[in-house]
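Colleague: Could you walk me through this one before I head back to the bench? I have a few quick questions.

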Amino acid sequence: MSKRRRKPKSTAASDVNGEESVVLRETAPLQLRYYGDPVLRKRAELVTEITDVERQLAVHMLETLYATGNGIGLAATQVGILKRLIIVDIGEEDDEAYEPLVLFNPELMSVDGEIVVEEGCLSIPDVTAEVKRPERIVVEGIDVQNESVRIEADGLLARVLQHEIDHLNGVLFIDRIGGLKRQLLKDDLLKIQQAERPA
Ligand code: NI
């Protein structure tokens, strides 16, 4: 998911591994996939074992997120990898204690309430729309240390989690708005689909 403004932040492997690794730090951002790319419509596979490969992928995804400057969440699907892995960082810029969230096999366990919030997506640049979703949610998954986690969320965190879990099921936020509103975005979506990008 994307927000209008966000100060870029540096990533080190220590963010998810607890220990710095030179190898992991020297990586370029991954190639983001954009609206129109068929991979965004595929269902991602469960991660059966969390190895260094998956942990490294999470680090690369965080770097990719921070490189965007306005991202607050990313699903592996958005970098063309069909594994059920999402990362979220809605941390306040001045909150040093904040840790990004890395979640494997996230699953929406329960929902409550309803709220309309404006959403954007790194895979659908410069398009935003108001989307109605549950206000409070419970999500379960596995963290980078292979521990089960249960997250009770509301506000922005609840919103980003639902948006990213949708990506793992091939669903985009524009699928969750009315047909009339989507019609208004048609030209913008077509532009994204037809944009030429470096391979
Ligand atoms: Ni998105």
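Colleague: Which residues of α4 are buried?

Modeller: Bearing in mind that this is a predicted model, the buried residues in α4 are A158, R159, V160, L161, Q162, H163, E164, I165, D166, H167 and L168. That makes 11 of the 14 residues, so α4 is largely enclosed by the rest of the structure.

Colleague: And how far apart are the end C-alpha atoms of α4?

Modeller: They are 21 Å apart, which agrees with the 20 Å that the 14 residues of α4, spanning residues 155-168, should cover at 1.5 Å a residue. After α4 comes G170, which has a positive phi near 75°.

Colleague: What about α3, is it mostly covered or mostly open?

Modeller: Helix α3 is mostly covered, with 12 of its 17 residues buried, and among them are charged-letter positions you can pick out by name, including E54, R55 and E63, along with H60 and Y66. Its first and last C-alpha atoms are 24 Å apart, close to the 24 Å expected at 1.5 Å a residue, and just after α3 the residue G69 takes a positive phi of about 85°.

Colleague: Switching to the strands, which way do the residues of β2 point?

Modeller: From β2, L85 and I87 point one way while I86 and V88 point the other way, and all are buried. In a regular strand the side chains alternate between the two faces of the sheet.

Colleague: Which strands does β2 pair with?

Modeller: Strand β2 pairs with β1 in the antiparallel sense over three bridges, and with β3, also in the antiparallel sense, over four bridges. I86 is the bridge partner of A75, and the bridge partner of I86 in β3 is L103.

Key
Residues are numbered from 1 along each chain as its sequence is written. This is a predicted model: local features need pLDDT of at least 70, side-chain atom pairs count only at pLDDT 80 or more; totals for chains, interfaces and linings use all residues. A residue is buried if 20 or more other C-beta atoms lie within 10 Å of its own, exposed if 12 or fewer, and partly exposed in between; C-beta atoms are placed from the backbone. Helices (H or I, at least four residues) and strands (E, at least two) are DSSP runs, numbered from the N terminus. Two strands pair if DSSP finds at least two bridges between them. The expected span of a helix is 1.5 Å times one less than its number of residues.
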